[in-house]
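Q: Walk me closely through the pocket lining here. Then follow the chain outward to the core and the strands, in one connected answer.

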Amino acid sequence: MLLRPYQPDDLPVVTRFIGACWQRDTSRNYHPGDFVHWMSNGYRGENLDHHFHILEEADRIRAVVELDADSGSYAHVLDARGRDGAWIRAFHRACIAILRKRMPKEGVQTVKVNLATSDKAGKACLMQLGFKAQKADYAVMRRSLDRVPKPHLPDGFAIRCVTGKDDARLVADVHNAAFKPKWSEAEYRKVMQTAGFDPQRELVVVAPDGRFAAFVVVWFDQISGSGLFEPVGCHRDFIRRGLTRALMYAGMARMKDAGMQAAIVGYEPTNIAAFKLYRSVGFAAYFETVDCVLELENMP
């Protein structure tokens with residue numbers, strides 16, 4: 001089975017394919033925004049033909065996969081309609097073979113795949129290949145966009161879009177102050193040069209001193225009519241002021257204006273603060289995921 005490398009011109013058809021799978025499949029896991037986020041914020045638009053592959057049949061996409069040899073994992077979206085288990089197992093074997101060639105040779109070799117817990121067929125297929133299921137490690141919440149409250153901020157704070165490369169340093173600073181530091185101004189400028197970047201979808205709260213106090217990035221999928229929040233963060237100096245809540249309402253309004261009917265957001269179940277925030281702005285449980293892990297030396 002031949003998986004071809006992703007090419008820049010593939011972006012529109014790839015996002016449409018993933019959106020159709022998200023809309024149709026009850027075993028959904030990845031939103032189109034997840035893949036574009038990885039391409040843009042994850043890989044900075046570099047070496048995408050190395051990390052992303054496509055399976056085609058009769059000029060139609062049948063599967064898209066992101067392969068990460070550093071973590072020994074792959075994330076896939078598969079159109080399994082009308083297909084037997086042998087075909088799907090062949091797809092997984094092809095992904096595993098690519099990772100096997102790229103991963104370091106020393107130590108115990110494992111490969112990890114994340115599935116929605118509702119994907120019983122996908123899990124059964126992986127079990128046949130020698131994978132073992134682990135505890136759910138990720139959860140997704142959903143909210144209708146029928147009614148979106150107006151955002152309210154403390155005096156002196158304001159919401160706006162990122163304007164472009166001139167904001168790169170401020171965006172890098174607020175990301176680093178919300179999560180583990182990994183961004184420089186130069187690194188975020190790379191993100192701003194990727195095909196997935198749109199400053200109108202990157203919203204920030206500006207503090208009275210000019211710093212960015214909170215941020216969200218919203219992703220739209222016209223096929224399923226759903227918007228994704230990824231990522232969501234608040235500068236550690238500005239927590240517990242309602243800034244992220246207000247910014248999420250602004251993001252929901254942006255989604256609604258773009259024709260979305262629902263908003264999606266994911267979090268790690270151990271992140272209680274994220275869960276409370278998302279619940280406070282109207283999100284409810286949608287689905288959880290499970291990791292399936294394979295020790296390559298035990299592969300049948």
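A: Five elements each supply at least two residues to the lining of the second largest pocket: helix H1 (11-24), strand E4 (73-78), helix H4 (85-102), strand E5 (110-116) and helix H5 (120-128). The model is predicted. In it, this pocket has a volume of about 380 Å³. Its lining counts 22 residues. Nearest the centre lie Asp-25, Ser-27, His-76, Leu-78 and Asp-119. By class, the lining holds 12 nonpolar, 6 polar and 4 charged residues.

Now the enclosed space. The structure holds 1 cavity of 30 Å³ or more. The volume of the largest cavity is about 40 Å³. Its lining is Val-162, Val-171, His-175, Tyr-188, Glu-202, Leu-203, Val-204, Phe-215, Val-216 and Val-217. Helix H6 (168-178), E9 and E10 each give two or more residues to this lining. Sorted by class, the cavity lining has 8 nonpolar, 1 polar and 1 charged residues.

Two of those lining residues, Leu-203 and Val-216, are also bridge partners, with Val-216 in E10. Strands E9 and E10 run antiparallel over 5 bridges. They form a hairpin with 5 residues between them. Gly-210 sits in that turn, with a positive phi of about 95°.

E10 pairs on with E11. This pairing is antiparallel too, over 7 bridges. One facing pair is Phe-220 and Gly-227, the latter in E11. E10 and E11 form a hairpin as well, with 4 residues between them. Gly-225 in this turn has a positive phi of about 65°. E10 itself is mostly covered, with 9 of its 10 residues buried. E11 brings a backbone feature of its own. Pro-231 lies in strand E11. The peptide bond between Glu-230 and Pro-231 is cis, with omega about 0°.

Next, the core. Val-216 appears here again: in the largest nonpolar core, of 32 residues, it is one of those that touch the most other members, along with Phe-229, Met-248, Met-252, Tyr-278 and Phe-283. Two or more core residues come from each of strand E7 (138-144), strand E9 (202-206), strand E10 (212-221), strand E11 (226-234), helix H8 (243-257), strand E12 (262-267) and helix H9 (272-280). H8 gives the largest share, 7 residues.

Tyr-278 shows how the parts of the core meet. Beyond its neighbours within four places in sequence, Tyr-278 contacts Met-141, Val-232, Met-248, Val-265, Gly-266, Tyr-267 and Phe-283. Apart from this core there is a second, separate one of 28 residues. Leu-3, Ile-88, Ile-96 and Val-290 are among its members.

Ala-263 is worth a stop. Its place is in strand E12. Its relative accessible area is 0%, so Ala-263 counts as buried. Leaving out residues up to four places away in sequence, Ala-263 touches Met-141, Arg-142, Arg-143, Leu-145, Gly-227, Phe-229, Met-255 and Phe-283. Met-141 and Phe-283 were also contacts of Tyr-278. Between the C-alpha atoms of Ala-263 and Met-252 the distance is 7.0 Å, with the two residues 11 apart along the chain.

Now back to the beginning of the chain. Strand E1 (residues 4-5) and strand E2 (residues 52-57) are antiparallel and joined by 2 bridges. There, Pro-5 has His-53 in E2 as its bridge partner. E2 also runs antiparallel to strand E3 (residues 60-68), over 6 bridges. His-53 takes part again, with Val-65 in E3 as its partner. So His-53 is bridged on both of these pairings.

The hairpin of E2 and E3 has 2 residues between the strands. Ala-58 lies in that loop. Ala-58 has a positive phi of about 55°, although it is not a glycine. Is Ala-58 buried or exposed? Its relative accessibility is 71%, so Ala-58 counts as exposed.

Arg-44 makes a useful contrast. Arg-44, also not a glycine, has a positive phi of about 55°. Its place is in the loop between helix H2 (32-42) and helix H3 (48-51). Yet Arg-44 counts as buried, because its relative accessibility is 14% and the cut-off for buried is under 20%.

Technical notes:
Residues are numbered from 1 along each chain as its sequence is written. This is a predicted model: local features need pLDDT of at least 70, side-chain atom pairs count only at pLDDT 80 or more; totals for chains, interfaces and linings use all residues. Side-chain values use heavy atoms; hydrogens and water are left out. A nonpolar core is a set of buried Ala, Val, Leu, Ile, Met, Phe, Trp, Tyr and Cys residues joined through side-chain atoms within 4.5 Å. Buried means under 20% relative accessible area, exposed over 50%, partly exposed in between (1.4 Å probe, protein chains only). Contact means heavy atoms within 4.5 Å. On a 1 Å grid over the protein atoms alone, a cavity is a set of points where a 1.4 Å probe fits but cannot get out, and a pocket is an open set with protein on both sides within 12 Å along at least five of seven lines; lining residues have an atom within 4 Å of a point. Grid points are joined across faces, edges and corners, and a volume is the space filled by probe spheres set on the points. Ala, Val, Leu, Ile, Met, Phe, Trp, Tyr, Cys and Pro count as nonpolar, Asp, Glu, Lys and Arg as charged, and the others, Gly among them, as polar.
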